[in-house]
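This report describes the strand pairing, helix packing and ligand surroundings of the model shown below. It proceeds from one sheet to the other and then to the chain as a whole.

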Amino acid sequence: MQERRPMIQLCRLHRHFGATRAVDDVSFEVYRGQVFGYIGPNGAGKTTSMRILATLDLPTAGDAFVDGFSVVDDPDRVRLRLGFMPDYFSVYPNIEVREYLDFYARSYQLRGTRRTEAVHRVMAFTGLDTLADKPIDGLSKGMKQRLCLGRALIHDPPVMILDEPAAGLDPRARIELREMIRTLAGEGKAILISSHILTELAEMCDIVGIIEQGRLLAVGSVDEIQQRSSQHATNAVQVRVLDGAEALGRWLTGRDGVDQLRIDGQLADFIHGGDLASEADLLKEMIEAGFRVVAFGSRRQSLEDVFMQVTEGLLQ
Ligand SMILES: Nc1ncnc2c1ncn2[C@@H]1O[C@H](COP(=O)(O)OP(=O)(O)OP(=O)(O)O)[C@@H](O)[C@H]1O
Ligand SMILES: [Mg+2]
C-alpha cells in the first residue's frame, strides 16, 4: 500500500514579485513513487515554485515541505532529501564527466568508496559510463541533460524536482528520459517534473497539475482532467451521408449543442458541445430521421485541446 505521507507538499504557497503573483495560493502533494507533471505556459510560475522547493528562493506566504521538512525552517534537511535539475546547464570548461559528478558527490560530503560508488551508480544509470573521460563542454544536449539528471541523483535523494528536463530533446532522447523517470519512480522516489507541453509529459506522469498565472487550475490524472473538461467539451464532429447532406444541414441547424455547421459535398462538419452520450443520441436520432449515415466521426479532444481549454493563454 502506498504510504500516505506526502514527500512533496505545497501549502497555500505564494511568491509575489512586486505586483506579479508568480505563485498564487498553490497547494498540492506528491507521494512516494508518484510522478507529478507540472504543466503551464511560459511565465506560469513553474520555475518559481520549483526554486522555492529547492530552497533557492523563499515564499512570500505559505510553505512547502519535502519529506515533512519545511523549506523555510529546515532548508538544510530539505537539500539532503532533494535532487534539483534546473532548466539551464552551466558549462564548466576543462572538466570531464566523471570529475564533474565527483565534484558534486564531494559537495554532498560523500567520501572514499561511498563517493566512488555514487559516481559509478549514476554513470551506469544515465548511460554516461562510456563517456566518463569526455570533457563536458563537448557533450550533446541529450548527454548534458543526462549529466544534469545524474548530478541531481548523486546523493540518491527520495525527491526529485526536474524543471523542463525534456526541453530540446529529440524523440528518442525523450523516450529514454521517460524510461529513466519511470525507473526512479519505481524505486519509490517522488518526482515533480515541469513542462509547457502536456503531451510531452502525459505518458510519464501519474498526476498532472495545470498552472497558469500562478494559479493551479486543475489537478488529477491525465484521464480525469480530460474527462472533466470533456463534460463541457466542444468536439469536432464529422458526418458523412450517402445523400441528402443539405437536408441534414437543415435538420442540424439550431439543434442543441450544434455550432459552426458546414456542409461540404456529402459531409457535415460541426462542433458539438456535450458529452459522448449526447453525441450517441444525436446519431441515433439522425438515423431515425431517415438520414443514411455512412460515417460518424467525433474527434476526441487531444491533450493539447484540453490544455488550451483549461488555460486562457494569458501570458504574464
Ligand atoms: N526574480 C524575479 N523577479 C521578478 N519577476 C520574476 C522573477 N522570477 C520570476 N518572475 C516572474 O514570475 C512569473 C513566473 O515565472 P516562472 O519563471 O516561474 O514561470 P515558468 O512557469 O517557469 O515559465 P517558463 O515556462 O517560461 O519557464 C513570470 O511573470 C516571471 O516574469
Ligand atoms: Mg520555467
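Strand S4 (residues 61–66) is joined to strand S5 by 2 bridges, and the two strands run antiparallel. Within this pairing, Phe 65 stands opposite Ser 70 of S5. Both strands belong to an open sheet of 4 strands, ordered S2-S1-S4-S5, in which the pairing is antiparallel. The edges are taken by S2 and S5 (69–70); each has a single partner strand, so one side of each is left without a neighbour in the sheet. Helix H1 packs on this sheet, where it touches S1 (8–17), S2 and S4. The direction of H1 makes about 120° with that of S1. The model is a predicted one, and the descriptions here should be read accordingly.

**Surroundings of ligand 1**

Two of the elements just described also take part in the shell around ligand 1: strand S2 (20–30) and helix H1 (46–53) each supply at least two residues. The most is given by H1, with 3 residues. There are 13 residues around the ligand, and those that come nearest are Phe 17, Ala 22, Asn 42, Thr 47 and Thr 48. By class, the shell holds 3 nonpolar, 9 polar and 1 charged residues.

**The six-stranded sheet**

A second group of strands is considered next. An open sheet of 6 strands follows the order S6-S7-S8-S3-S9-S10, and its pairing is mixed. Its edge strands are S6 (82–85) and S10 (215–220), each of which pairs on one side only. From one strand to the next, the twist averages 15°.

The following table lists pairings in this sheet.

| Strand pair | Bridges | Direction |
|---|---|---|
| S6 and S7 (residues 159–162) | 4 bridges | parallel |
| S3 and S8 (residues 190–195) | 5 bridges | parallel |
| S3 and S9 (residues 207–212) | 4 bridges | parallel |
| S9 and S10 | 5 bridges | antiparallel |

Individual residues show how these strands are aligned. Where S6 meets S7, Phe 84 stands opposite Ile 161 in S7. Helix H5 (residues 141–153) lies across S6 and S7 and runs at about 160° to S6. Helix H6 (residues 171–186) also packs on the sheet, touching S3, S7 and S8. The direction of H6 makes about 155° with that of S8.

How many residues of strand S3 (residues 35–39) are buried? The strand is mostly covered, with 5 of its 5 residues buried. In general, the side chains of a regular strand alternate between the two faces of the sheet. In S3, Val 35, Gly 37 and Ile 39 point one way, whereas Phe 36 and Tyr 38 point the other way, and all are buried. On the S8 side, Val 35 has Ile 191 as its bridge partner. On the S9 side, Tyr 38 stands opposite Gly 209, and Ile 39 stands opposite Ile 210.

Strand S9 is likewise mostly covered, 5 of its 6 residues being buried. Its link to S10 includes Val 208, whose bridge partner in S10 is Gly 220. S9 and S10 form a hairpin with 2 residues between the strands, and in this hairpin Gln 213 takes a positive phi near 50°.

**Glu 200**

Helix H7 (residues 198–202) contains Glu 200. Is this residue, Glu 200, buried or exposed? Glu 200 is buried, because 22 other C-beta atoms lie within 10 Å, and a residue counts as buried at 20 or more. Leaving aside residues up to four places away in sequence, Glu 200 touches Ala 166 and Ser 195. Glu 200 and Ser 298 are 98 residues apart along the chain, and their C-alpha atoms are separated by 24 Å.

**Division of the chain**

The protein chain is divided into domain 1 (8–219) and domain 2 (234–300). Taken over C-alpha atoms, the centres of domain 1 and domain 2 are separated by 47 Å.

Methods
Residues numbered from 1 in each chain as written. Chains lettered and ligands numbered in written order. Predicted model: local features only at pLDDT ≥ 70, side-chain atom pairs only at ≥ 80, totals over all residues. Near = placed C-beta within 6 Å. Nonpolar A, V, L, I, M, F, W, Y, C, P; charged D, E, K, R; others polar. Buried ≥ 20, exposed ≤ 12 C-beta atoms within 10 Å, placed from the backbone. Pairing = 2+ DSSP bridges. Axes fitted to C-alpha atoms, helices over the stretch in contact; angles between N-to-C directions. Contact = placed C-beta atoms within 7 Å. Domains from an automatic or database assignment.
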